[in-house]
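Q: Hi! Could you walk me through the pockets and cysteines of this one?
A: Happy to, let's look at it together.

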Amino acid sequence: MKVVIDNAIPYIKGVLEPYAEVLYRAGNAFSAEDVRDADALIIRTRTRCNRELLNSSRVKLIATATIGFDHIDLEYCRQQGIKVVTAAGCNAAGVLQWVASALALIAKADGWQPQELTLGIVGVGNVGSLVERYAREWGFRILRCDPPRQMSEGGDFLSLEEVVSGSDIVTFHTPLDSTTHHLINDRIISLMRPNGVIINASRGEVADTAALLKAPQRLLIDVWENEPAISSELLDKAIVTTPHIAGYSAQGKANASVAAVRAVVEYFSLPLTEWYPCEVKPAERRAIGWQEMCQTINSYCDLTEESAHLKSHAEDFESLRNNYNYREEYF
């Protein structure tokens with residue numbers, strides 16, 4: 001069998017070689033010729049898996065080492081009998097700690113305590129649920145919007161309009177699909193508190209760049225439309241600017257690689273069921289108080305330093321992302 005793997009996925013080199021022919025390619029350089037005789041692909045968001053890439057191939061499995069799947073034509077894969085597996089939840093703690101650092105930065109600038117503010121969470125899946133759990137413990141009042149969960153569970157979910165109008169800070173953790181494309185737009189921004197804060201660590205296209213450029217709110221952004229060719233105006237305007245690395249913890253990356261390898265192992269019945277990268281120590285979730293978090297978070301995730309780096313090296317967006325020094329999860 002043959003597997004084609006994005007060469008920027010960490011810890012994975014040499015793992016499948018005893019069982020398969022393995023070809024490594026840059027994520028944006030996968031070609032139809034590369035995958036024509038492949039049985040499986042292990043990818044990230046930079047590989048567009050569509051008819052153009054997959055037509056006439058023998059690919060039966062696509063394992064993406066990401067939580068998102070907007071880079072994959074799911075309908076085409078369904079029609080062709082190609083199984084698609086994501087690494088849902090793999091980097092939730094990494095994104096949580098990025099958001100925590102963002103909150104600590106704003107709190108230090110403004111001098112507030114969590115009990116004084118309302119945090120709106122849009123998208124309460126693996127990431128949003130973890131953000132909610134810690135934010136409640138820190139004392140924030142929480143408003144939640146998640147239409148799919150509201151439909152399936154009921155509960156105290158609110159509409160997007162209610163959440164954004166009632167919150168001091170709104171953090172977005174939605175997947176990208178037809179219902180969330182440009183979810184952050186002129187109308188939604190107009191409902192927000194002008195002195196509020198918008199945090200986007202979901203997908204770049206969830207926000208309309210043109211609308212963000214006119215927004216009076218402060219912007220903390222990890223994901224951008226048209227990556228890696230990002231808006232220089234938005235880069236100048238936002239107070240936190242990172243190159244799509246909110247979930248880039250060592251443990252999150254290890255979890256993603258494990259999920260992708262496990263998908264291949266299970267699909268093709270390979271004898272490799274317990275693999276975990278020896279370079280990484282698995283993290284353990286623990287409670288952490290607001291004051292302790294604020295005092296320690298910059299040692300693990302310093303968004304001021306990272307923002308300054310991207311602002312001065314915007315042309316290196318992809319390199320900064322691919323060569324990022326993975327953070328350690330500590331709560």
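Q: How big is the second largest pocket?
A: The second largest pocket has about 320 Å³ of volume. Keep in mind that this is a predicted model.

Q: Which residues are closest to its centre?
A: Those are Glu305, Glu306, His309, Tyr324 and Asn325, out of 16 residues that line the second largest pocket.

Q: And which helix gives the most to that lining?
A: Helix H13, residues 303-312, with four residues.

Q: What's the split by class there?
A: The lining of the second largest pocket has seven nonpolar, five polar and four charged residues.

Q: OK, now the largest pocket. What's its volume?
A: About 920 Å³ for the largest pocket. Its lining counts 48 residues, and the closest to the centre are Ile67, His173, Thr174, Pro175 and Leu176.

Q: Which elements give two or more residues to it?
A: Helix H5 (126-138), helix H6 (147-153) and helix H11 (250-268) do so for the largest pocket. By class, that lining has 22 nonpolar, 18 polar and eight charged residues.

Q: Switching topic: how many disulfides are there?
A: Zero, in a search of the whole structure.

Q: Why doesn't Cys49 have a bond?
A: Because the closest cysteine sulfur, in Cys77, is 6.5 Å from the sulfur of Cys49, too far for a bond. The cut-off for a disulfide is 2.5 Å between sulfurs.

Q: Is Cys49 buried or exposed?
A: Buried, at 1% relative accessibility.

Q: What about Cys278, buried or exposed?
A: Cys278 is exposed, with a relative accessible area of 76%. The closest cysteine sulfur to that of Cys278 is in Cys90, 19 Å away, so that is too far for a bond.

Technical notes:
Residues numbered from 1 in each chain as written. Predicted model: local features only at pLDDT ≥ 70, side-chain atom pairs only at ≥ 80, totals over all residues. Heavy atoms only, no water. 1 Å grid on protein atoms, 1.4 Å probe; cavity = no way out; pocket = protein on both sides within 12 Å on 5 of 7 lines; lining within 4 Å. Points joined across faces, edges and corners; volume = space filled by probe spheres on them. Nonpolar A, V, L, I, M, F, W, Y, C, P; charged D, E, K, R; others polar. Buried < 20%, exposed > 50% of the residue type's maximum accessible area, 1.4 Å probe, protein only.
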